[in-house]
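Hi there,

Here is the structure I promised to pass on to you. Have a look at it first, and then read on for what turned up in it.

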Amino acid sequence: MSDCWYMAEVVADRRAENRLLPNQPGSYEILGAAGLSYRHFDPKEVSDDVDGFIKPLLAKLNYQSYDIVNLSPANLGEEKFESLAKDHFAEHIHEDDEVRLILDGQGYFDVRDSQDRWVRMLSKPGDYIVIPAGIYHRFTTDENKYIKTLRIFKENPKWVAISRSPEAEETPARKSYLAHIHAPAETAVGPHNDKTIFFLRYPATMDAELTAITKRLLEQHGGQRAAVMIFLAGSTDPTTGVSWCPDCVPAKSQVAAKFAELQENFGEERAFFVQLPVERPGYLGNPEYPYRKHPLLKLAGVPTLIVLTPSKGAKEMGDAQWFDLLEVKIYTDNADTADVRSL
């Protein structure tokens, strides 16, 4: 992804990089924990060609409307440009998601992380960013004072900027955002408990986290029958609590029933459940989505359910990656349905 870093609370020149000294890098995980979604398109394929690029893109991402904004003194005039630039850099929230694809030029999105610290994200051509409703953020071009952006939205977006204030804290968008960020993660079989039920939010850290989980399973129950169930499902809307994937909603009850069978067969302490949320912006129409390319998951559609058990000799292979330790025992016959084979 594009570079990101922490920045000071107050800056003299908003268009400079404004890195801390020493530099404190940000990360995909930090931005993801704050609710942002990010994806990068090949800049050579990104354009303002309506029929050749924009309409097919909207269809892939399940959006209906768009406009193109050219922020530059050459396009707007110096006075209007500076007035808009000042407004954009004032800390604010929106009542709807802010979805942007950078077509040309570059700038900085500043967002508050989950600890209310500023993280600055460099945005360049090909960067696709979803800033959730209710998060405090701001924007500025860099020193070149030019950026061309595709704004993507559903009908009648609510993009009125609500400045940071006690009143902003009481808006439904802000309350929903905070509830989503701080609430215990719910899975199809119950809340994340860091013991036998896990909700792993980010593809970038999934392997490392799942390696730790399966090592724990092997250390605690080496030589005994044990299993890990992995459920890949569309992420949920923080406002409604409903998944963007229609088939994932009825799948939950089936998955819960299958996990209960797993617990009965292997014992409650030797049956682990891992849910991997699949974010719509990064997944739809993206052959490079990490779970699609993962050597074990090879995600073809959601929902998908996989059950794994330790392979022979797994205890002695404790330093290997988890997908080398485990062999697939049960998986969906058709990744586009919620049905799974009997345990």
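How many helices and strands does the secondary structure of the protein come to? There are 11 helices and 18 strands. Please keep in mind that this is a predicted model.

Some overall figures may help you find your way. The protein has 343 residues, and 47% of them are buried. Of the contacts between residues at least 6 apart in sequence, 71% join residues at least 24 apart. The accessible surface comes to about 16600 Å², with 49% of that belonging to carbon and sulfur atoms.

Next, the cysteines. A search of the whole structure gives 1 disulfide, and it joins cysteine 245 to cysteine 248, with an S to S distance of 2.4 Å. The torsion about this S-S bond is about 80°, so the disulfide is right-handed. Both cysteine 245 and cysteine 248 are buried. Cysteine 4 has a relative accessible area of 4%, which is under the 20% cut-off, so cysteine 4 counts as buried too.

Finally, a pocket to look at. The second largest pocket has a volume of about 380 Å³. Its lining is made of 18 residues, and those closest to the centre are His88, His94, Glu98, Arg100 and Arg151. By type, the lining divides into 8 nonpolar, 5 polar and 5 charged residues. Which elements each supply at least two residues of this lining? They are β3 (65-71), α4 (78-88), β5 (98-105), β9 (137-141) and β10 (147-153).

Enjoy exploring, and best wishes!

Notes:
Residues numbered from 1 in each chain as written. Predicted model: local features only at pLDDT ≥ 70, side-chain atom pairs only at ≥ 80, totals over all residues. Heavy atoms only, no water. 1 Å grid on protein atoms, 1.4 Å probe; cavity = no way out; pocket = protein on both sides within 12 Å on 5 of 7 lines; lining within 4 Å. Points joined across faces, edges and corners; volume = space filled by probe spheres on them. Helix = DSSP H or I, 4+ residues; strand = E, 2+ residues; numbered from the N terminus. Nonpolar A, V, L, I, M, F, W, Y, C, P; charged D, E, K, R; others polar. Disulfide = S-S within 2.5 Å. Buried < 20%, exposed > 50% of the residue type's maximum accessible area, 1.4 Å probe, protein only. Contact = heavy atoms within 4.5 Å. Areas by Shrake-Rupley, 256 points an atom, 1.4 Å probe, with all protein chains shown as cover.
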